[in-house]
Amino acid sequence: MNYIDEIKARVAQQNPGMPEFHQAVEEVLESLRPVIEKNEEKYRKVALLERITTPERVIMFRVPWVDDNGQAHVNNGYRVQFNGAIGPYKGGLRLHPTVNLSVMKFLSFEQTFKNSLTGLPMGGGKGGSDFDPKGKSDQEIMRFCQSFMTELYRYIGEDTDVPAGDIGVGAREIGYLFGHYRRIRGSYVGGVLTGKGLSYGGSLARTQATGYGLLYLTEELLKCNGKSLKGLTVAVSGAGNVATYAIEKAWTLGAKPVTCSDSTGWVYDPDGIDVATLKEVKEVKRARLTEYVKARPNAQYHEGKGVWTVKCDVALPCATQNELLLDDAKALVANGCFCVCEGANMPTSLDATKYLQDSGVLFCPGKAANAGGVSVSGLEMCQNSERRSWSFEEVDNMLHEIMVGIFHNVDNAAKEYGMEGNYVAGANIAGFLKVADAMLLQGIV
Ligand code: NDP
């Protein structure tokens, strides 16, 4: 058996019942074939693929908390420190009922290559809990975050592991987590978390970074393929942090975003999604999208899935993993969509990705397209170390430069290995080579 097939079998055998993790490993390893074949002896000798597909450390813990009625609950807490070869582990915390070890391993594995692509010194990690923040009071959220941090604090630090936000973890949760860390550590370690509030060490433009970065990369990708975002119709899924700022930046760059969605339904607004209304509904009221259409009489609300049935030129999946499946890909292509860039992590299934690529759609995977968030987190760490803050324009300009750089890094890697235009392969190869090189230089660790 060749080395890649051996490793795929090994991962499947050692991680039973972890489909998301298998899917992420499959996607990365398949596109690394030309690189591995060229270096097989060297990599085998040091068990490089065995090590790169095995987390350095998995931490699992109990998170007990008490609700407003005095009832106790227990959730599962996780932190997966996947690969620290190029810097401290870095990656978000997710609070969502679907969180389990498979999801945590897939996200931290992906994060390793994404962080490598940014060019900043950050390893890959991810964490979270199956706690559902929906419908919980502020006090319940605070008590949960404090209980979670009571365990997590032992394993993190500005030079060790630096968590941030993800699904279900925004400014409010990061505030509670940071406050409790500071209290139990008895010292002010500003760089231990990113996504902090501006009054205590956060970076300007971190909130916008993933959505804006996604659009900067999409614009560069289109430009390099002789196209422009101006005048295009864009379908976006999600209505959270990434989706909201993707929609905002799409407008700025001259496109018209016409959809958004949440876990219960989706909105089509023929006049284009109104960013102020969306923010009011989701960020201020934390309400459902049914509230959006009350304020926008021309917009339509539909229950369930359906964003990808709308006629569009560009699709930006920004909600969660496996939300764009084969039938969705077929509907997009049939409706003339020619570009898909992933704002979420692994939103497109493997067969849907293949269908899009085979149909000539320009497809950029999340590990490149959504790297803007972690890039600005890296810039937040720089500002914390320097004990100063940069202006919005400074951070936004650096974000733009990083996203353009990521696209060319990915594009060049694909060309170098004879797969021009295959940005999935390009992202995996470019992300992998830097981590692999660092691992080779550091010995068997
Ligand atoms: P948010 O929690 O702010 O928003 C998530 C959105 O997706 C919400 O609209 C939510 O709907 C919807 N959603 C979540 N889970 C599901 C589900 N199982 N089915 C359908 N819809 C769902 O998260 P973010 O915007 O921060 O993250 C979105 C994606 O982007 C994730 O994949 C995340 O890992 C990725 N990402 C985020 C980064 C960041 O900086 N925030 C950085 C890089 C990647 P509802 O409100 O109803 O739950």
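Which helices each supply at least two residues of the shell around the ligand? Select α8 (206-224) and α9 (241-252): each of these helices meets that mark. Keep in mind during the tour that this is a predicted model.

Next, select the ligand and the residues around it. The shell holds 26 residues, and those that come nearest are Asp 166, Thr 210, Ser 263, Arg 288 and Asn 345. Colour the shell by class and you should find 12 polar, 8 charged and 6 nonpolar residues.

Now show the side chain of Ser 263. One of its N or O atoms is 2.5 Å from an oxygen atom of the ligand. Go on to Lys 134, where a side-chain N or O atom is 2.9 Å from a ligand oxygen. For Gly 168, turn on the backbone: an N or O atom there lies 3.1 Å from an oxygen atom of the ligand. Then switch the ligand to a surface. On its own the ligand has 890 Å² of accessible area, and the protein covers 83% of that.

Zoom out and colour by domain. The domain assignment gives domain 1 (55-188) and domain 2 (209-369). Each of the two domains provides at least three residues of the shell around the ligand. If you place a marker at the centre of each domain, taken over C-alpha atoms, the markers will be 27 Å apart.

The last stop is the interface between the domains. Select the residues in contact: 13 from domain 1 and 11 from domain 2. About 990 Å² is buried between the two domains, with carbon and sulfur atoms giving 50% of it. On the domain 1 side, pick out Phe 106, Glu 110 and Lys 114. This trio supplies 44% of the area that domain 1 buries against domain 2, more than any other three residues.

Technical notes:
Residues numbered from 1 in each chain as written. Predicted model: local features only at pLDDT ≥ 70, side-chain atom pairs only at ≥ 80, totals over all residues. Heavy atoms only, no water. Near = heavy atom within 4 Å. Polar contact = N/O pair within 3.5 Å; in protein donor to acceptor, adjacent residues only side chain to side chain. Areas by Shrake-Rupley, 256 points an atom, 1.4 Å probe, with all protein chains shown as cover. Helix = DSSP H or I, 4+ residues; strand = E, 2+ residues; numbered from the N terminus. Nonpolar A, V, L, I, M, F, W, Y, C, P; charged D, E, K, R; others polar. Domains from an automatic or database assignment. Contact = heavy atoms within 4.5 Å. Buried area = accessible area lost by both parts, 1.4 Å probe.
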